[in-house]
Amino acid sequence: MEIYLVRHTTPNIEKGICYGQSDLGITDSFQGEVEKIHQQIPIKEISKVYSSPLQRCKLLAKTFNKEITFDNRLKELNFGDWELQPWDCIHSTELNPWMDDFVNVQVPNGESYMMLQQRTLNFFASLDHGSNERNIIVSHAGAIRSLISHIQNIALEDSFNIKLDYGHVLCINTTEQQFEIISGLKLS
């Protein structure tokens, strides 16, 4: 199976605001970003599109004009009580423990990065990797990084070295036994 992992386009939110599962809109740059994404994917050969149900992914997924399966396991990290709060307004007694170990420490009323990875890998395991299909997965940086870190055997705490701009496209080839990144991987 060939899979095109696509990060959503630029969300409509100010810099410095914590967001994960908040359902944000998109910016005016959407159409230009979509055109660049479409140039990197053989859309006519795509069988299925899987997407996070959040609108910044959903709107992009619809541009492929294919059958779409929306799956909550593809959502971004749940930042719980911190959603839509300015990062600099989150009290250090809550923020610092998470910053010291974001992999394992759960955000108040949210989740840890390990929890995000577990649900992302659960989704990935549900796919038919033995098929010859070409599919698209539209998701978020956290979910994509957690998946790529698993495939590349990169520690989760180091996964932010995987660079994923808005609209970034990675292509991976999978079989039932192995996963290979074909293109799009950028490490810092």
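Leaving aside its neighbours within four places in sequence, which residues is serine 149 in contact with? Select serine 149 in this predicted model and display its surroundings: the contacts are Gln117, Ile154, Leu156, Ser159 and Ile162. Serine 149 belongs to helix α5, which spans residues 141–151. With a relative accessibility of 2%, serine 149 counts as buried.

**Helix α5 and the residue after it**

Extend the selection to the whole of α5. This helix is mostly covered, with 10 of its 11 residues buried. Among the buried residues are Ala141, Gly142, Ala143, Ile144 and Arg145; Leu147, Ile148 and Ile151 are also on that list.

Next, select asparagine 153, just after α5. Asparagine 153 sits in the loop between α5 and β5. Its phi is positive, at about 60 degrees, although the residue is not a glycine. At 72% relative accessibility, asparagine 153 counts as exposed.

Asparagine 109 may be selected for a second look at this backbone feature. Its phi, near 60 degrees, is a positive value in a residue other than glycine. Asparagine 109 is placed in the loop between α3 (92–100) and α4, and it is exposed, with a relative accessible area of 62%.

**The largest pocket**

Now select Arg7, Tyr19, Glu76, Arg145 and Tyr166. Of the 26 residues that line the largest pocket, these lie nearest its centre. The elements that give two or more residues to this lining are α4 (113–125) and α5. Helix α5 provides the largest share, 3 residues. The pocket holds about 610 Å³ of space. Sorted by class, its lining has 16 nonpolar, 4 polar and 6 charged residues.

**The cavity**

How many cavities of 30 Å³ or more does a search of the whole structure find? The search finds 1, and about 50 Å³ of space lies in the largest cavity. To locate it, select its lining: Leu5, Leu74, Thr120, Phe123, Phe124, Ile137, Ser139, Ala143, Ile144 and Leu147. Two or more of the lining residues come from each of α4, β4 and α5. The lining divides into 8 nonpolar and 2 polar residues, with no charged residue.

**Strand β1 and its partners**

Select residues 2–7, which form strand β1; 6 of its 6 residues are buried. In a regular strand, side chains alternate between the two faces of the sheet. Display the side chains here: Glu2, Tyr4 and Val6 point one way from β1, whereas Ile3, Leu5 and Arg7 point the other way. Arg7 is also one of the residues nearest the centre of the largest pocket, and Leu5 is part of the lining of the largest cavity.

Add strand β4 (residues 134–139) to the view. It pairs with β1 in the parallel sense over 6 bridges. Arginine 7 stands opposite serine 139 of β4, and Ser139 is among the residues that line the largest cavity.

Then add strand β5 (residues 169–174). It runs antiparallel to β1, and 5 bridges join the two. In this pairing, tyrosine 4 stands opposite cysteine 171.

**Arginine 134**

Return to β4 and select arginine 134, which is found in that strand. Is arginine 134 buried or partly exposed? Arginine 134 counts as partly exposed because its relative accessibility is 25%. Measure from its C-alpha to that of glutamate 2 in the viewer: the distance is 4.6 Å, although the two residues are 132 residues apart in sequence. Leaving aside neighbours within four places in sequence, arginine 134 is in contact with Glu2, Pro42, Glu45, Ile46, Ser47 and Lys48.

**The cysteines**

Finish with the cysteine sulfur atoms. A disulfide is a covalent bond between the sulfur atoms of two cysteines. With a cut-off of 2.5 Å between sulfur atoms, the count comes to 0 disulfides. Why does cysteine 171 form no such bond? The closest cysteine sulfur, that of cysteine 57, is 18 Å away and therefore too far for a bond. For cysteine 57, the closest cysteine sulfur is in cysteine 18, at 16 Å, again too far for a bond. Cysteine 171 is buried, with a relative accessible area of 4%, and cysteine 57 is buried as well, at 0%.

Key. Residues are numbered from 1 along each chain as its sequence is written. This is a predicted model: local features need pLDDT of at least 70, side-chain atom pairs count only at pLDDT 80 or more; totals for chains, interfaces and linings use all residues. Side-chain values use heavy atoms; hydrogens and water are left out. Buried means under 20% relative accessible area, exposed over 50%, partly exposed in between (1.4 Å probe, protein chains only). Helices (H or I, at least four residues) and strands (E, at least two) are DSSP runs, numbered from the N terminus. Two strands pair if DSSP finds at least two bridges between them. Contact means heavy atoms within 4.5 Å. On a 1 Å grid over the protein atoms alone, a cavity is a set of points where a 1.4 Å probe fits but cannot get out, and a pocket is an open set with protein on both sides within 12 Å along at least five of seven lines; lining residues have an atom within 4 Å of a point. Grid points are joined across faces, edges and corners, and a volume is the space filled by probe spheres set on the points. Ala, Val, Leu, Ile, Met, Phe, Trp, Tyr, Cys and Pro count as nonpolar, Asp, Glu, Lys and Arg as charged, and the others, Gly among them, as polar.
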